[in-house]
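Visitor: I'm new to this one. Could you take me through a close look at a single part, the backbone oddities, and then show me what lies around them?

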Amino acid sequence: MEALLTIAVLLPLIAAFVLFMFPSKNPKAIRALALFATGVSLLITLTLFASFDRTKSGYQFVHSIPWLPSYGCSLKFGVDGISMTLLLLVGFISFCGTLISSEIHDREKEYYILFLTLTTGISGTFATMDLFFFYFFYELAVIPMYLLIGMWGSLPPGKHGRTKEYATMKLTLYLTAGAVLALIGLLGIYFVGGTLDIERLQHNIWLARGTQMWAFPCLLFGFGFLASLWPFHTWSPLGYAAAPTAASMMHAGVLKKLGAYGIIRLALPLLPEGARHWANLLAILACFNILYAGWTALTQKDWKFVIGYSSVSHMGYVLLGIATLNVVGVTGAVLLMFAHGVMAALTFALIGFFYHQTHNRYVPDLSGLARKIPFIGVCMVMAVMASSGLPGFANFASEVLVFLGSWQQGTAVFRVATICAVWGIVVTATYMLRAVRTSFFGPFDEKWSMLKDAVTFRQKFPYALLLAALLTVGFCPRLLTDIIKQSVATSVVSRLSTSAETKAASTDTVYNTGATP
Amino acid sequence: MMGLYAIQLECLVATWGIVLLLVDAFTPIPNKRLVGYLAAGFVAVALLYSFAIQPIDEPFFHGMFRLDPFALYFKRLFLLALAVVLLMAAEFSPRLESGVVEFYALLMFCAVGMLLIASVNDFILLFVSLELVTITFYVLASYLRRQLPSLEAGTKYLILGALSSGFTVYGIAYIFGTTGTTNFTTLNAQLSASNVQPTAAFTFGMLLVLTGLGFKIASVPFQVWAPDVYQGAPTPVTAFLAVGSKAAGFALLLRVLYAGLLPVSMVWNALIAVLAGATLLYGNLGAIPQRNIKRLMGYSSIGHAGYMLMGVAAVNALGAGAVLFYLGQYAFTNLCAFLAIVAVTAATGSDEIPSFSGLGKRSPILGLALFLSMMSLAGIPPLSGFFGKFQLFAAVVQRAQTDRFYYVLAAIGAAAVVISLYFYLGVGRAIYLQEAEDASPIAISKPMRFGLYVCMAAMIGIGIFQRPLVHASIMAAKIFPLR
C-alpha cells in the first residue's frame, strides 16, 4: 500500500525508459504501453483518493527511499489534501492526453517518451516531500516541452510574426530562468533550515526573519514564471498556440499549476513572515493577470491564443486566492487549480479536434461548426460555461471561494482586488461567448462540410471523462474542498497566523538564526 | 619498491606508449586503426586495474608525490578520458596524413603527465608534469600540418602556453625565495604557523602561479586561446583538451590552493570568486553567436571553468567535493559530445552547426547522444550535469550564509545557466527541429557505438543514481582540511 503512490508517480517514467531501451517500430504497441502507464497510474491515483483518510490532515501514503545520505536527501513521496487533488488532476489529464495523441503519426516513439517523462516530472513535483526531488522533478518537466512543441507543434503565421521555434525557445528560457531563481531561494532555505525534508521544514523549523524576507521573492517570482505571473506571462499564450494538442493540455492543465503549487507548498508555510510582507504585491500583480490578460484575450482571433490568454487570466484568480493567506482563499485557489486545469485541458482538446481537420483555428474563418460537429460543439459550450464560472461547474465553487477569501481578508487592497476580479468574470464571459458564437453558431460555411464529428465511444471518451470530472466536482465540491481545507488550515495557514515568538516557544528546534548545518 | 608501487600507472602507460611506437614499425598502414582500438582497450584495462590500487597516506619521493584518494580519483578520470580519446583517435585516423601511431603515443605520453599531475605535492613536480602535458599538446594541436587552422591552433597554444609556463616558473621562484620551500605540506605548515599577512613578494609569486593555472583551465583573463585552439585542433585533441587538460588544471588548482595556500585563503578567495563570475559570463555570452560546433565547445569549456571556479571559490568541503563530482560527470558528457562530433564530421566533412541539421533522423543514436550531452552540459535533469550544477550552487549558497557577497556569484551563475541553455538548445534545434539537406543515414562503427552507449549510460546513470560518484568525490575531497 505504501509503495502505491511511488508506483503511480514513477510508472510513466519507467514506461518511457522501456520505450527508450527497446527498439520497436510498431506505433500501436508504443501507444498501448503509454496508455497502459497513464491509465494504471490514473487508476492507482483514484484508489488512493478513495482510501484517503479524510479525518487526518498530515501526509498520507508516505513512502521513503534513502537516496543521498551526505545531503540528507531521500526519494520520499506522500500526499496531503492539496497534492492529492492535484495528482488526481495529473492523472485525468495525462490519460486523456495520451488518448487524444492518436492524432500524432510522426516519430511516435520519441513523442510518447517525452510525454511520459513530462507526466512523471509533474506528478513527481506534486507528490514529493523532499526539497531536492521537488526541484529535480520540476526541472524534469521543462525540457520535454521544448521538443514536444518544436517537433510536433504548429504555429499558424499571424500578427505575432513568430515561429514555433521562437515560441518553444522563449518558453524554455522563461521557465528555466524561473527555476534557477527558485533554486537559489530553496538552497537558502536548505542551509538555514538544515534539512531537505519538506514536512520537517513545515512543522519544526522556523527560519530567521531576514532569510524569509529575501527568500520569499526568490520563490514567488521563480515559481511565478511558471504560474505565468504578470509581467512574466508572455511565454505562455505563444507556447500553447504552438504546442501539439496533448502538450497544450498538459501545459495549461497541470504544468502551469506547478508554479502555484510551489508557492502554496513551499513559499507560504516555510516563509510565512515573508509571505505577509509580500502578499499585497502579489494581490496587485494578480489583478493585472486577471484584467490585463483578459483584455488581451478580447482582441485575439486565434482560438488557442484566446484560451492561452484566458488561462493567464485564470491563473490570476489562483494567485489572488494564494495572496489572501486565509483558509477560504487558499482552498479556493487549490480547487480552482483543479477546475481550471480540467477546463483548460478540455478546451485545448476540443480545439485540437477541429484544428486537426480544418488546419485553421482563426475564429472569424470558422462559422456554424456546431451543425457539422454537434458533439464537439456541445462540449465546447459547456467548457465555455465552466470557464465563465457558471454554477454547476467546479469553477463556480472555486471562484466564489476565492472572492469570499479575498473580501474576508479585509484590507483596502484586497477589497479593490476583489472588485477587479469579479469584473474579470464579465470580461471572460465576453471573449469566450463571442468566440464560441462566431465559430460554432451562425451561418454554416460550406468549406467546412468535410468535418467529421466524434462518433465512436473511443473518440468521445476523453472529452466525456473531463466533463464528468468538472460536473462531479461542480455539484459536489465537498469531495475535494473537505480534504483541501483541512490541509490548508493545518499546514499552510496555521503557520501564517503565528508570529515568530510564539512559534519559537511551541516547537522543538526551532529558532534557527542562520548557522550552517 | 614502494615508490614503484606509487607510480605504477604512470610506468604502465608510458611503457605502452613506447611499445606502440615499436609496434608501428611492423604494422601495415591499413591496420593502424586497429592499433588505436587495441591501445584504447589496453587503457580501459588499466582503468579497471586502477581500482585495485589502494591509497597510501605517506608521501613518496621526499614528499613530492602523493597517492591519496584525491590522486586516485583523478588518475581514474584521466585513464577514462584517455581510453575514449584513443577510440576517437582511431576513428579519426583516416584524416591524419601520417604518423597515426605516433599520434596515439603522444596522447599516451600526455596522459602520463596528467597522471603525475594528479599526485603533485611539490612545485617542482608541478612544473615538470605540467610541461610534459603542455608540450605534447603543442605537437598534438598542430598535427594536421597541412591545414592552416590546425597550425594556427598549435602556434597560438605554443605562444600563450610558453608565456604562462614562464609566469608559473617565475612565480615558483618567488614563493621559494620568500618561504624557502617548494613542498605544499611544508608551505602550508609555515603559512599557518607564521600567522602574519604574507609578504608582497609571496603574494606576487602566488598570483603568477595562479596565472599559469588559469591558462590551463581557460579562465578569464587567460581564456582567449580556447576557442581558436578548440576549433583548429584535430577533434580527438580538442576532446582531450576539454576533458583531460581541464581536469588536470583543476587538480593542480585544488592542490595548490587547498593543500598549499589554504592558510592565506583571504588573499586569493575574493580573486577566485571574481574570476569565476567573469569566466561564467565570458564563456556563456561568447558562445551565443558561434556557428562552429568545436568553437562553441571552446566557449562552453570556458563557461564550465567558471562553474567549477564557483565551487573552488566557495572554499568549503561541499565545494571541493562538488568540483570533483563536476569534473567526473563533465568527462562523460564532453566525451559523448566529441564522439558524436567525430562521427558526424567524418561523414559530412564539416563541423559547422547547420551540418548537424536533421541528425535525429539521419542517425538516431548520434542525434540522441549529442542532444543528451548538450542537455547535460546545460544542466537538465535527469542527466548528470544537473546534479553537478546543483552541488556547485549549493556550495556557493552555503558560503553565502556567512558572506553575503556570494549571493551575487550565485545570481551570476543562475543567469549563466539560462544563457547557456539558449545556445545548447541551438544545437538541439539543429538536431531535431531542422530538416537535413542531405538526409542519407550516417554509419558508425561498432567500437564507436559502444563508446557512445557507455557515455550515455553514465550520463543518465550518474544523473539519477548520484550516490556512488558523490561518495567517491567526497572521499577524494576529504584530504583537504575544509569544513
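Guide: Here is a walk through the unusual backbone spots, followed by the core and the place where the chains meet.

A little bookkeeping comes before the tour. This is a predicted model, where local features need pLDDT of at least 70 and side-chain atom pairs count only at pLDDT 80 or more, while totals for chains, interfaces and linings use all residues. Residues are numbered from 1 along each chain as its sequence is written, with chains lettered from A and ligands numbered from 1 in the order in which they are written.

Now for the oddities. Most peptide bonds are trans, and most residues other than glycine have a negative phi. Go to chain A and find Trp230(A) and Pro231(A): the peptide bond joining them is cis, with omega about 0°. Pro231(A) sits in the loop between α9 (209-226) and α10 (235-242) of chain A. (Helices, H or I, of at least four residues and strands, E, of at least two are DSSP runs, numbered from the N terminus.) Over in chain B, a cis bond runs from Val220(B) to Pro221(B), its omega near 0°. Pro221(B) is found in the loop between α9 (200-217) and α10 (225-232) of chain B.

Next, the phi angles. Phe61(A) isn't a glycine, yet its phi is positive, near 55°. You'll find Phe61(A) in strand β1 (residues 60-68) of chain A. Phe61(A) counts as buried because it has 20 C-beta neighbours inside 10 Å. (Buried takes 20 or more other C-beta atoms within 10 Å of a residue's own, exposed 12 or fewer, and partly exposed is in between; C-beta atoms are placed from the backbone.) Val315(B), another non-glycine, has a positive phi of about 45°. Val315(B) belongs to the loop between α13 (293-314) and α14 (317-348) of chain B, and is buried, with 23 other C-beta atoms within 10 Å.

On to the core. The largest nonpolar core (buried Ala, Val, Leu, Ile, Met, Phe, Trp, Tyr and Cys residues joined through C-beta atoms within 7 Å) has 408 residues, and Leu86(B), Leu107(B) and Leu339(B) touch the most other members. Setting aside neighbours within four places in sequence, Leu86(B) is in contact (C-beta atoms, placed from the backbone, within 7 Å) with residues including Gly36(B), Val43(B), Tyr104(B) and Leu107(B).

Finally, the meeting of the chains: 26 residues of chain A are in contact with 25 residues of chain B. On chain A's side, α7(A) gives the most, with 14 residues.

Methods: Contact = placed C-beta atoms within 7 Å.
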